[in-house]
Structure formats: C-alpha cells, structure tokens
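The exercises below are meant to be worked through with the structure open beside the text. Each one sets a task and is followed by a solution that goes step by step.

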Amino acid sequence: MLKKTSAPDLDALRLLDDRLRWLSSWTIHNANHIRESTDGLKVGGHQASCASMTAIMAALYFHALGPNDKVAVKPHAGPVLHAIHYLMGSQSREQLQAFRGFQGMQSYPSRTKDRIPVDFSTGSVGLGVAVTAFASLVQDYLIAHGLMQPDEAGRMVALMGDAELDEGNIYECLIEAYKHDIRNCWWIVDYNRQSLDATTAERMFRRFDEIFATCGWRVVTLKYGKQLEAAFKEKGGDALKAWIDDCGNADYAALTYLGGAAWRERLLKEASATKPILDAHDDEALHRLMTNLGGHDMEALVEAFDAAQDDVPTLFIAYTIKGQGLPFAGHKDNHAGLMNPGQIAALREKMGIAEGEEWEPYAGLGGNSAEAAKSLVEGSRIARAKRERPWNVAEVPAIVPPSGEEQSTQAAFGKILLDLSRAGGDLADRIVTTSPDVTVSTNLGAWVNQRGLFRRQELADVFAAAKIPSAQKWGGSEAGQHIELGIAENNLFLMLAALGLAGDLFGERLFPIGTVYDPFIARGLDALNYACYQDARFMLVATPSGVTLGPEGGAHQSINPPLIALGQPGLRHYEPAFVDELALLMEEGFRLMQRENGESVYLRLTTRTIRQIERADDSWKEGAIQGGYWLRDPAPGAEAVLVYSGAIAPEALAAWEALKDDMPGLGLLAVTSPDLLHRGWSARRSGRWAGKGTEPSHIEKLLAPLSRDAGLVTLLDGAPAALSWLGGVAGRKVSPLGLDRFGQTGNLEDLYRHYRLDVDAIVEAAAELFLD
Ligand SMILES: Cc1ncc(C[n+]2csc(CCOP(=O)(O)OP(=O)(O)O)c2C)c(N)n1
Ligand SMILES: [Mg+2]
C-alpha cells in the first residue's frame, strides 16, 4: 500500500535544506525589516524554529511524502511550508512578501486562510499533532465503509515541537489512539530541547519514548548524524559519545551558541580522551561535527523514513538545534529572535546569494546543483493546489418530530436518530456518532443498537452472548457507525474536527454528531475552537444543560455555554424548547453542515420533559430557523414582551397566561438561537457602513411592532447575558432572568424559585419594568 520511495539524491536534498532555511529566514526578515511598517508593531516570526526543521521538512516533502499523505506542520515552521510551495511554484512571491500582513500568508499554517493547500491548521500547540491520529482513524473508517480504497490510504503526519510533548491533549489522544488501534500515523518531534522560555528539563530524557512505546508506537530516535557516528568509531570516539550523552540540554545549547573554540575547551577539560578527534578538526569543523545531530543529517533522516514504510504508528525523535545554521543557534532566548540586517547579509553571503537575488528560488546554486534540486522539487508527490471542497450533497429527508404530548428534547433527539437509522438512506449511512463515555446518558443508545460500534477488529458483545439482559447491544465491527471514546472531552472535539474534515481530507463527506454534557464543553473548548477554525463541519449535541438538570447539582449544571456559542465563530447555537423545533433545526443543521458557507451546529438540549404545544400552522418554522419567532404575537404597540429560550418554556408560557389580562398585547417571543439573532443584528449594523443595504435583521423585524418604550423580560436557563442584549436592539428596558451563580441540587420547583426562573419571578420582573 505504502510504496517504498526511490533512492534519493542526498546532496540535492541538502541544498534544499539550505534553500528552505534561507527562504524562511528571508521571508521573516522581509516582513520585519524591509516591508514598510505603518503602525510600529513588531511583526515577528520564528527564524530559529524554522531552521530547526528545514532538513526534516526537505527530507519529507522532497523525498518521503506520498500523494495521499497529510501533514500538520509545527505552527512556528509555517514559513518553511510556504517556502516549499514557493519552490514548487504553488506559492507566489507576493504572498511570501506579505507574510503576517493583511491577506498575506498566515503566521501559522491555516487551512482556510492560506492559499496553499494546508492539510491541518496549527497554532495552538498540541492540537495539530493529536488531530492527525484522529484523521488516521477517520481514514480507516472510510476504508472500512467502502468510501475509500485501501490503496488510497496515506499517512497522517505531525511535525511537532518538543514543547508540544508537554500538552496533556497529546497523552489523552495517545490513549484513545491505542484503544482504536490507529495506524498510518507519524509524529516527528523537532527535538531541539528548547521551548519559548528556556531549554527543557533533562529529567524527561527517555521518558517520552517509554510512554509512546507503551502505547504501541514504534519509537525511532535520531540522535546523532552520520558524521558524529563516524567520529564515535575513531580514537577518542567513545569518550566523545559518553560526553555528549551526559551533557545537559542547557549546556549543549550554550556551547552551540558559543561555537568551535568553546566546544574544544570544554571537551579538553571534561573528556580529554577526545583529543585525537579535536586535533583532527579546526574550530569550524568541530562546530559542524558537534551540531551534526540526527534531525539535521539528511542521510540519517532519509534512512529513518525509508525504514518505516509499514503502517505502524511511529514517533521519530529527531534531535535538532534550534536556529541551526543561524547566528543565534542554541541561544536560549532565540524563540522569537530575529537576525539583524548585518546578520542576514552575512548569511546571504555565506550561502553565495548575490544582493538583489534574495527571492530567487535557486540563487547561489551552480547550474548542476540547481538542476538537481529542481528535479527533486518537481518530483515531489504532494498536492500543489487546494482540494476543491467536495460538494456532493446528501439529501436531507424531512425529519418528523417524535409523537408524544410530553417529551424532552434529549429523548426526542435519540428517537429522531433512531428513526433516521430505520429509514436508512445516504444521510443516515454517512452519519457517524461519537461520544466521550456519555453515549447512553445522552440518548444515543438506540442509534448505536441499530448501527453498531465502529471497530477495526470485531468486538463481541459479551453481555448479549451471555444472555444478560441489557438495553444496550454493543457489538463492534468495521460496519459500525458509532465511535465510542473514553471520557476525555478534548478527544471528542478533535474526533469531530477530523470527522468534520473527511470531505476536505479524503473526498468523502461524513455527518459527525458528537454528544457531550453541556458543562463539559468547557473541558474541550480549545479543541472545539480549533475544529471551527479549520471549518470542520459537525453537529454538537450538548445535554443536559442548566439548573434544569436538577438533582445532579451545581457541578453538572451548565451556565455559560450559550455565551461561549455567542462568541464562537463557525458554530451555530440552537436551543429548541419543543421537539418539533428540534426536528426542524436538526434538519436545517444537516443542510447547514454541507452548505459551502455553512458551519457547525450546537444543539443545547435538556432532559426536562415538557408538554408540547399545538401548532395552528407552519408559519413559525421560518423564524425558528432564523433564531426566533412569536409564540404569542404582540399587539401593535405592545408595552411588554416575554422572551425565552429552551427548557424554561413552560414557565414563560404560564407567566404569559398570568400576565396577559393585565398587560394587553403582551407578546411571547421564542428564541431558538440567541447566537444567530445577535449575528444578524450586528451584521446589519456593520453592513450599513460597508454599503451593504439596510434590510433590517431578523430580530429587528421581530421587535418592530413593539412600542418604542416597551420592556422585555428575558429568560434563559443559562447566563442571562445571552439574551439581555436584546434591549440594545432598539434601546428598550430589559429585565434579564437567568443563571449567574453556580447551581445546586434540588427539584425544579425549588431551583427555579431560588434562581428566579419561576413564574413569580417573571411576573415580578414584568411588573417592575412596567411600573418603572
Ligand atoms: C497552546 C499554546 N500555548 C502557548 C503557545 C505559545 N507558544 C508558541 S511556541 C511555544 C513554544 C514552542 O516550543 P516547541 O514546541 O519546542 O517549538 P520550537 O522549539 O521548535 O519553536 C509557545 C509556548 C501556543 N502557541 N499554544
Ligand atoms: Mg523546541
């Protein structure tokens, strides 16, 4: 499946290592020292982080990577990726010159903002690494489901900084990956033993390897380059090796910075047996020898990549020097260090590049060398162009709301999935559900009984075989459509990110649905943001939520997720109260997930069973999709309205009944999406200045019939600020009811009374507004 690569031209690869080091340095230099600055801000960029990986990336992109491989590039090596595409002709000089500028190439590789093909966005360290493991699981899923051919499988590669090994999400992912027996995944650590602040702790030496090996990974350590290995065989070589192995990270880095004479002095003092080797090298040669680590040695890299051509997940620990070949190599403060104009000129001269030819792709190379390098670049098998988004649209069937006078949105969600499963069809076949150990308690059980767990190896349902009664029939097979995760929520969001990119990565769209308890969205928030930033498309079903959870208490009663949703681009929050709303919004969600300018969907649901309402007609539907509709119309010029969202609908309705005679024309507004209403409102404001017309937003239209001085009582089982802004739409008074303290255990009556979400509170709030 994964073809062995052909014998490489190592010299040409070394030249490309130099080209990448130069072009990434120059791109960053240009942005900081040459491009005009209008605001005096430091532009920044990471020359040392780039130089640390140019050899690794040259070996990968111009030798090891196949056409189906996908790579997450260490965020701070972004300029190297762009330099690679520049050499390949798929990135323009203008974009390099606009690095970190408006609409120029991004600081960190971005799937959506960059013009070159970027497989995975990176930036928040750790997440880009872990997502590759989940992507390899998605690839296996597609193969198992016949949506991809086995010989189309590629390798999911993460190029990571060593500091990323400190991120907890790496280990959560490692555990999950082991359980799911992932394959075709390479993580390559740029092991320069420096992070942002300092050199890293010695004590972790050999620990990372052990952790990965324990989780089933092959660990390949590239510590010494070939030159060093040859030296170890010379007289004094054993002493040299022993000294290097004993040398602390900070010491090694400092000596790298100081250079040849310092190496000599130290070695003579601490390992005098190395003298024959020292005598055979002048200072410059000695420095070259001592910095010939595995991650900079082309032969060692190519050998290691060629030797790992099976599908075993592999961790390469490639020892490197941060800033290799640059004047601040090894300096502990080099993370954001920039060469000054004198230093970059010296580097240019050292590389034989004439002044004025800095952007020439092969400047400084003789004719034959340039040809050899070009031929490797042309032979690179990676994609040059962004993949067209696969707009193969799955037809979304009408979703019929489950019947029943009293229902909860959570239970209805489970029934809707069950119905979809029974009815079958393209959409149902492409739905993949996943949950961090809350499959049963979020009502996915019936769906899983129907569609099964996804497992590469057959997983027997031991309880069923033993005839032990259980509502959950959990056999696993390659045909399964539910990916069961361990409890770590962060993995849920990375799983959703990878599933939600199935179309972009592998050309086949999936409809991922992830369930989670609403409060624990916070546990995976950065990964959720990361998924949205990449424009992955998924449906997040968060339930239960709010104090409506009752006896479970304050640790599980979510407060701020509606505000999170309000501030999260790429994610549309819907909070249905009734199950016909839920059915409608799920239907809309499946369409939205596959629309070109669509987004992901967050459904905030509840376990509270409430009486469903009779509808006179379907006129509410359009508004519900847009974020809100009048459940009880206000009279023209109405002085007061009640506004509610979600589970608290019965209190809102009861309060409306209680108040309607005293407050003639009182309206009752059902808000299905505070998020969408707010977006429409602010888009209309900003659109006005951009000359985009003055069509009022949905919420403006909804509130238009009210009197100028009308008061609004808003009601949400969550942070009140998610609705209180409605007062700002036309400058009206608001009395916001909701949760702004931690919850506690109790029955609904007591909790709603205590937290002022009950009918009395609504009536009092309305009266107060009115009397004011
Ligand atoms: C989650 C997160 N925390 C902090 C940062 C800020 N930051 C950027 S790079 C970096 C250190 C990176 O060190 P390493 O991964 O070893 O990369 P390299 O040494 O190759 O630059 C830090 C702390 C970040 N980008 N993401
Ligand atoms: Mg590092």
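**Exercise 1.** Does Asp 245 count as buried, exposed or partly exposed, and what is the relative accessibility on which this rests?

*Solution.* Begin with what is being read: this is a predicted model, in which local features need pLDDT of at least 70 and side-chain atom pairs count only at pLDDT 80 or more, whereas totals for chains, interfaces and linings use all residues. Residues are numbered from 1 along each chain as its sequence is written, chains are lettered from A and ligands numbered from 1 in the order in which they are written, and side-chain values use heavy atoms, with hydrogens and water left out.

Next, take the classes: buried means under 20% relative accessible area, exposed over 50%, and partly exposed in between, with a 1.4 Å probe and protein chains only. With a relative accessibility of 31%, Asp 245 is therefore partly exposed.

**Exercise 2.** Find the salt-bridge partner of Asp 245, and describe where the two residues lie.

*Solution.* A salt bridge is a side-chain nitrogen of Lys or Arg within 4 Å of a carboxyl oxygen of Asp or Glu. The side chain of Asp 245 meets that of Lys 223 in such a bridge, at 2.9 Å from N to O. The pair links distant parts of the chain, 22 residues apart, since Lys 223 sits in the loop between strand 4 (218–222) and helix 9 while Asp 245 belongs to helix 10. Helices (H or I, at least four residues) and strands (E, at least two) are DSSP runs, numbered from the N terminus. Lys 223 is buried, with a relative accessible area of 14%.

**Exercise 3.** Work out which residues of helix 10 are buried, and how they are arranged around its axis.

*Solution.* Helix 10 covers residues 237–246, and its buried residues are Gly 237, Leu 240, Trp 243 and Ile 244. Seen down the helix axis, these buried residues fall within an arc of 125° and so line one face of helix 10; the arc is that of the directions from the helix axis to the C-beta atoms. On the face turned away from the buried side are the exposed residues Asp 238 and Asp 246.

Then ask what lies over the buried residues: the cover includes helix 9 (226–232), helix 11 (249–258), helix 12 (260–270), helix 13 (275–279) and helix 14 (283–290). Leu 240, leaving aside its neighbours within four places in sequence, is in contact (heavy atoms within 4.5 Å) with residues including Phe 232, Leu 267, Ile 277 and Leu 289.

**Exercise 4.** Identify the salt bridge that joins helix 11 to helix 12.

*Solution.* The side chains of Asp 251 and Arg 266 meet in a salt bridge, at 2.8 Å from N to O. Asp 251 lies in helix 11 and Arg 266 in helix 12, so the pair ties together parts that are 15 residues apart in sequence. Asp 251 is partly exposed, at 33% relative accessibility, whereas Arg 266 is buried, with a relative accessible area of 19%.

**Exercise 5.** Which residues coordinate the magnesium ion (ligand 2)?

*Solution.* Donors are N, O and S atoms within 2.8 Å of the metal (3.2 Å for Na, K and Ca), and water is not among the atoms, so sites may look incomplete. The magnesium ion (ligand 2) is coordinated by Asp 162 (OD), Asn 192 (OD1) and Gln 194 (O), at 2.0 to 2.1 Å. Along the chain, these donors follow the spacing D-x29-N-x1-Q. Asn 192 and Gln 194 are both buried.
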